[in-house]
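Look over the sequence and the model before you read on. The report below goes from the whole chain to single residues.

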Amino acid sequence: MVLLLRVFLLVLLLFLLRYLFQSLVTRAKIALFGRPAASDPPHNVITGRAHKDPLCGTYVAEELAIKATAAGQVHYFCSPECRDRFLNGPGT
Ligand SMILES: [Zn+2]
């Protein structure tokens, strides 16, 4: 019975050591590289601004928007259809 208890404590100690080692490695990586390791999944963050499509009212990210200049002003659209309808007027 004492032997069983000792084995149990040993396994518990090993798990604790493994956990401590892993957290130390993670902290060392952050300290060295200033961020989690490159193997971590990337964060898909759009850093640009959002613009309102003047035709349908949808907000679109600047990188993804369809741009058109009208009367010296840049407009951002969600789709080529919205751009064409805005530039050519309604009924087209
Ligand atoms: Zn639109």
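Exposure comes in three classes: buried means under 20% relative accessible area, exposed means over 50%, and partly exposed lies in between (1.4 Å probe, protein chains only). This is a predicted model, in which local features need pLDDT of at least 70, side-chain atom pairs count only at pLDDT 80 or more, and totals for chains, interfaces and linings use all residues. Residues are numbered from 1 along each chain as its sequence is written, and side-chain values use heavy atoms, with hydrogens and water left out.

**The whole chain**

The protein chain holds two helices and four strands. Helices (H or I, at least four residues) and strands (E, at least two) are DSSP runs, numbered from the N terminus. Along the sequence, their pattern is α-β-β-β-β-α. The protein chain has 92 residues, and 14% of them are buried. Its accessible surface is about 8,000 Å², with 65% belonging to carbon and sulfur atoms. Such areas come from the Shrake-Rupley method with a 1.4 Å probe; for residues, only the protein chains shown count as cover. A contact means heavy atoms within 4.5 Å. Among contacts between residues at least 6 apart in sequence, 16% join residues at least 24 apart.

**The zinc site**

Which residues hold the zinc ion as protein donors? They are Asp-53 (OD), Cys-56 (SG), Cys-78 (SG) and Cys-82 (SG), lying 2.0 to 2.2 Å from the ion. Donors are N, O and S atoms within 2.8 Å of the metal (3.2 Å for Na, K and Ca); water is not among the atoms, so sites may look incomplete. The donor residues follow the spacing D-x2-C-x21-C-x3-C. Cys-56 sits in the loop between strand E1 (50-52) and strand E2 (59-61), and Cys-78 in the loop between strand E4 (73-77) and helix H2 (80-88), so this pair ties together parts that are 22 residues apart in sequence.

The angles among the four donor atoms run from 99 to 118°, and the site is tetrahedral. Four donors count as tetrahedral if all angles lie between 85 and 135 degrees. The ideal angle for four tetrahedral donors is 109.5 degrees.

**Single residues**

Five residues show the range of exposure.

| Residue | Relative accessible area | Class |
|---|---|---|
| Cys-56 | 41% | partly exposed |
| Cys-78 | 33% | partly exposed |
| Arg-83 | 25% | partly exposed |
| His-75 | 14% | buried |
| Ala-71 | 87% | exposed |

Arg-83 is in helix H2. Its C-alpha atom is separated by 7.8 Å from that of Leu-55, 28 residues away along the chain. Leaving out residues up to four places away in sequence, Arg-83 touches Ile-66, Lys-67, Ala-68 and Phe-77.

His-75 belongs to strand E4. With the same sequence neighbours left out, up to four places away, its contacts are Pro-54, Ile-66, Lys-67, Ala-68, Ala-70 and Phe-86.

Ala-71 lies in the loop between strand E3 (66-70) and E4. Its phi is positive, about 55°, although Ala-71 is not a glycine.

**A nonpolar patch**

Where is Leu-10? Leu-10 is in helix H1 (residues 2-33). Leu-10 is exposed, at 54% relative accessible area. Together with Leu-13, Leu-14, Leu-16, Leu-17, Tyr-19 and Leu-20, Leu-10 makes a nonpolar surface patch of about 740 Å². Patches are made of residues with over 30% relative accessible area and no salt bridge; like charges are joined within 9 Å, and nonpolar side chains (Val, Leu, Ile, Met, Phe, Trp, Tyr) within 5 Å. A salt bridge is a side-chain nitrogen of Lys or Arg within 4 Å of a carboxyl oxygen of Asp or Glu.

Terms used. Four donors count as tetrahedral if all angles lie between 85 and 135 degrees; four count as square planar and six as octahedral if opposite donors are over 155 degrees apart and all others between 65 and 115; anything else is irregular.
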